[in-house]
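Colleague: Got a minute to go through this one with me? I'd like to start with how the helices are compared.

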Amino acid sequence: MRLDTKAMRYLTAEDWRTLTAVESGSRNHEVVPTPLIGQISGLRGGVHKSISALAKVGLIARLKNAKYDGYRLTYGGLDYLALNTYRKRKDVYSVGNQIGVGKESDIFVVADEQGVQRVLKIHRLGRISFRTVKANRDYLRNRSSGSWMYMSRLAALKEYTFMTALRENGFPVPEPLAQSRHTIVMSLIDAFPMRQISSVPDPASLYAELISMILRLAQYGLIHGDFNEFNILIKEETKREIEGDKETESITLTPILIDFPQMVSVDHANAEYYFDRDVNCIKRFFERRFHFTSDEKGPHFADARKLIGKDGVTRLDVSVEASGFSRKMAKELEAYMKAVGVDGDGDPEAARGDEESGEEDEDEEGEEDPEDGEQTQDAERTEETAEGESSVLPQDEGKDISLAKLQISDQT
């Protein structure tokens, strides 16, 4: 899903109040009644102008088959609300290229006012395969808290919370910088996904380091749940040493772990399954890609359980729960992710809901009124940002930051 920020500069204060009102009303309504939007925004009669402006750029949408006149917030609208929060906090100044796409997220390069590049991750749990959603439609309809908006927020909150805890305890993860709604801003790592690497100097050492990381996570009470070549970055560092008249170079490969929405506790009912899956994913990849097979069997979950809390380390599964991401939230998110099919090995090439036929999407959410919600396609074609160009958020126009130098391939 493309992130086009050009319309932000044209939104008025009344438009932002209206967009926020639709978001607030969405907590209790799939389609927010127009009178309620006016009531929440405080604009009353003047709200119709803002509703029309927001609908024309696809931030809200009216459904044809709704029983009453109302609007729903789109992913674009939620994106804008998150970006506006980052703009106010000065976390994000400009938006650049999209550098990654997964089954349930989009990843962009952004920059702050000083031009420091960062990563913006947008969780999009509601846009994955609608075929899978249909198979679980009864479950989803009976969940008052099971909306795409709420669950995407939970996924972002969970990832940010776990990333913060892991970073504070010395794990090689990106630095979490900010979180708003369904998005996270984190540090940009100059590294490549392991799936793109065809060979390494010493497969045995890298394999040992990754297995050690899985066991260290267990020591802290955690299982990644999606530990594979798609969620591991390899950072290459060159060290130069001078001995006498000779200068020698050595290359160090450092694995960086990313993507934490599926992380679970070692006390989870299916902990052994997730632990074994993480280990086997690494074994299969190293056998297939690097033709390396370890002489040692395992490790097994029984081995990992012996390490829990060893050396007096803090159990992060417990501390994260105490910090605000509750067990109830974790259960809700896990159940929803299973219902919509986000429970595999994390292959981002798998089918996404927004890449499937539109008929399925409409069948789930209803048909949008072309007078309001469907005008965005033409606008997107005329206003589309050129590849490699950064879009500046509308606070200080004229200080555009070029992000074109970053060229990261995201192909398997």
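Modeller: Sure. Axes here are lines fitted to C-alpha atoms, for helices over the stretch in contact, and angles run from 0 to 180 degrees between N-to-C directions. Keep in mind that this is a predicted model.

Colleague: Fine. At what angle do the axes of helix 1 and helix 3 cross?

Modeller: They cross at roughly 80°, and the two axes come within 9 Å. Angles of 65 to 115 degrees count as roughly perpendicular, so helix 1 and helix 3 are roughly perpendicular to each other.

Colleague: Which residues make that contact?

Modeller: Helix 1 brings Glu-14, Asp-15, Thr-18 and Leu-19. From helix 3 come Val-47, Ser-50, Ile-51, Ala-53 and Leu-54. By class, five are nonpolar, two polar and two charged.

Colleague: Switching to sheets. What is the strand order in the open three-stranded one?

Modeller: The order is 1-3-2, with antiparallel pairing. Strand 1 (32-33) and strand 2 (60-62) are the edges, each pairing on one side only.

Colleague: And which strands does helix 1 touch there?

Modeller: Helix 1, residues 13-25, packs on that sheet and touches strand 1, strand 2 and strand 3. The direction of helix 1 makes about 90° with that of strand 3.

Colleague: How many bridges join strand 1 and strand 3?

Modeller: Two, in the antiparallel sense. Val-32 has Tyr-71 of strand 3 as its bridge partner.

Colleague: Last topic, strands 11 and 12. How many bridges there?

Modeller: Twelve, again antiparallel, between residues 232-243 and 246-257. Glu-241 is bridged to Thr-248 in strand 12. The hairpin has two residues between the strands, and Gly-244 takes a positive phi near 70°.

Conventions:
Residues numbered from 1 in each chain as written. Predicted model: local features only at pLDDT ≥ 70, side-chain atom pairs only at ≥ 80, totals over all residues. Heavy atoms only, no water. Pairing = 2+ DSSP bridges. Helix = DSSP H or I, 4+ residues; strand = E, 2+ residues; numbered from the N terminus. Contact = heavy atoms within 4.5 Å. Parallel < 35°, antiparallel > 145°, perpendicular 65-115°, else oblique. Nonpolar A, V, L, I, M, F, W, Y, C, P; charged D, E, K, R; others polar.
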